[in-house]
Each structure stands twice: as C-alpha cells, then as structure tokens.
Amino acid sequence: MLQTALTVVLLIGAIHLLIINRRKHKRNKQLYELLDQSEDLKRTLAMGLYYRFNFKKDSETGEFTDKVSNLFIQQVDYEFEGFVADVMRTKYGGETTVTGTIGDYGVDIRHHREDGLYLGQVKAYKNNVSFDPIAIIHSNMVQEKAEGGFIVTTSDFTNQARRYASSLNIELINGEQLVNYLIEGLKDEEKELVGQPKEA
C-alpha cells in the first residue's frame, strides 16, 4: 500500500515537472520570437553589451571605478574576447582560444573549425569600426594561412571597412548580428534540453 502511494506521488511529481518544463519552454520560445522580430530590442541589447564591457578598474585596488547599480554586470573590455569566443564556438562549432593581451599581433581569438583556422578581433566600441582591424586580421590570415577571419563589434562598421573586407573572407559582425548569434545559441541550447534537433 505504501509502495503504491509512493509510486503515485512520484508519478504526479514527474507529470507536474513535465508540465512546468513545457510551460517554461513555451515562454522561452515566445521570448526568442519577440527578440527575433524586434530590431530596436536587438540594438538596445548591443548597446547594453558595449556598456557591460567598458567599465574601468583601479590599477592599484582592482575595484571598479564606476559606481553603478548591483543589477548591472560590470566587466572590462578584454573580457569581451571570452564572451565573443563562446558565442562563435556556439555558432560555428570547433574550439576557440582567447590569445591574451600581450604578443597577439592583433589577433584576439583563434577559432579552429571543421574547415580550418579562423582569426578574430573584437571591439567593444560605441563608434563604428574602421578598416584598420580588417587589415591586421588579413595580414595575420596570410601569414598563418588561415581559412578566414572575423571582426566583432558592439557597434557597426564604416562603409569603407565593409568595402575593404568584402573580398577578403573576413566576416564583419556588428552588435545587432552578435545579438542574433547569441539568440540562435540560446535557442539551440533550449532545443537540446527538450530533445529537439538544432537548426541547420
């Protein structure tokens, strides 16, 4: 009798958990659909990423110099490299390595994908990025015989930068596109949790 009651309780608990997970998945799906449809929201999120990765630390104490709400995530610009490396790995697969700040010759991320090496540089900027980082990445691509490259920014690129990169196999990812990649990654994680295949 006790065993039957325990089985019924466990079964009810499992069904309840399944219902909660389905509701959560449905809410998340609605959120992703809303994000996909709102260009303004994506641009606001890109601006938020710029703000998040541009706090300054006191060189002596290591404390952040800006006093802001505890609600905000405070990080410094070089931490943007790890964030982008995670997003790119989720988007394209493979393995990413953040090179560090000394002796990287302008390469912030080395991304080994199925088809070869890709070199990247990231810029948590509020102003549009010029062609200079593209020239640096291209030079490194030639030297290392890399398959391609990418420049990622929280802002956008100048027209001159876009023209320059157009024939060099260098992907230019602005803040809005970065948010798109982030949303795609979250959707794929959600699908894996509920046992659905990733989008191709």
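Visitor: Which element gives the most to the lining of the largest pocket?
Guide: Keep in mind that this is a predicted model. The largest pocket has a volume of about 310 Å³, and the residues closest to its centre are L45, G48, L49, R52 and I73. Two elements, α2 and α6, each give two or more residues to the lining. The top contributor, with six residues, is α2.

Visitor: By class, what does the lining of the largest pocket have?
Guide: There are 15 lining residues to sort. Charged residues account for one of them and polar residues for two. The rest of the lining is nonpolar, and that class counts twelve.

Visitor: Which element gives the most to the largest nonpolar core?
Guide: That core has 20 residues, and the ones touching the most other members are F80, F83, V84, F150, V152, I173 and L178. Elements giving two or more residues are α2 (39-52), α3 (79-92), β3 (116-123), β4 (148-153) and α6 (175-193). With six residues, the one that gives the most is α3.

Visitor: Which residues does F83 touch, leaving out those up to four places away in sequence?
Guide: F83 is one of the core members that touch the most others. Contact here takes heavy atoms within 4.5 Å. On that basis, the partners of F83 are L49, R52, F53, L178 and L182.

Visitor: How many residues does the second, separate core have?
Guide: Its members include V129, I151, L168 and I170. This set is separate from the core around F80 and F83. Its residue count is 15.

Visitor: Is I136 buried, partly exposed or exposed?
Guide: I136 sits in helix α4, which covers residues 132-144. Buried needs under 20% relative accessible area, and exposed needs over 50%. I136 has a relative accessibility of 37%, so the label is partly exposed.

Visitor: How far apart in space are I136 and G106, C-alpha to C-alpha?
Guide: Setting aside neighbours within four places in sequence, I136 is in contact with Y105, G106 and Q121. Along the sequence, I136 and G106 are 30 residues apart. In space, the C-alpha to C-alpha distance is 6.3 Å.

Visitor: What pattern does the chain follow along the sequence?
Guide: The parts list is six helices and five strands. Read in order, they give α-α-α-β-β-β-α-β-α-β-α.

Visitor: How much of the chain counts as buried?
Guide: The chain exposes about 13000 Å², with carbon and sulfur atoms supplying 54% of that area. For burial, the cut-off is under 20% relative accessible area. Of the 200 residues, the buried share is 34%.

Conventions
Residues are numbered from 1 along each chain as its sequence is written. This is a predicted model: local features need pLDDT of at least 70, side-chain atom pairs count only at pLDDT 80 or more; totals for chains, interfaces and linings use all residues. Side-chain values use heavy atoms; hydrogens and water are left out. Helices (H or I, at least four residues) and strands (E, at least two) are DSSP runs, numbered from the N terminus. Buried means under 20% relative accessible area, exposed over 50%, partly exposed in between (1.4 Å probe, protein chains only). Accessible areas come from the Shrake-Rupley method with a 1.4 Å probe; for residues, only the protein chains shown count as cover. A nonpolar core is a set of buried Ala, Val, Leu, Ile, Met, Phe, Trp, Tyr and Cys residues joined through side-chain atoms within 4.5 Å. On a 1 Å grid over the protein atoms alone, a cavity is a set of points where a 1.4 Å probe fits but cannot get out, and a pocket is an open set with protein on both sides within 12 Å along at least five of seven lines; lining residues have an atom within 4 Å of a point. Grid points are joined across faces, edges and corners, and a volume is the space filled by probe spheres set on the points. Ala, Val, Leu, Ile, Met, Phe, Trp, Tyr, Cys and Pro count as nonpolar, Asp, Glu, Lys and Arg as charged, and the others, Gly among them, as polar.
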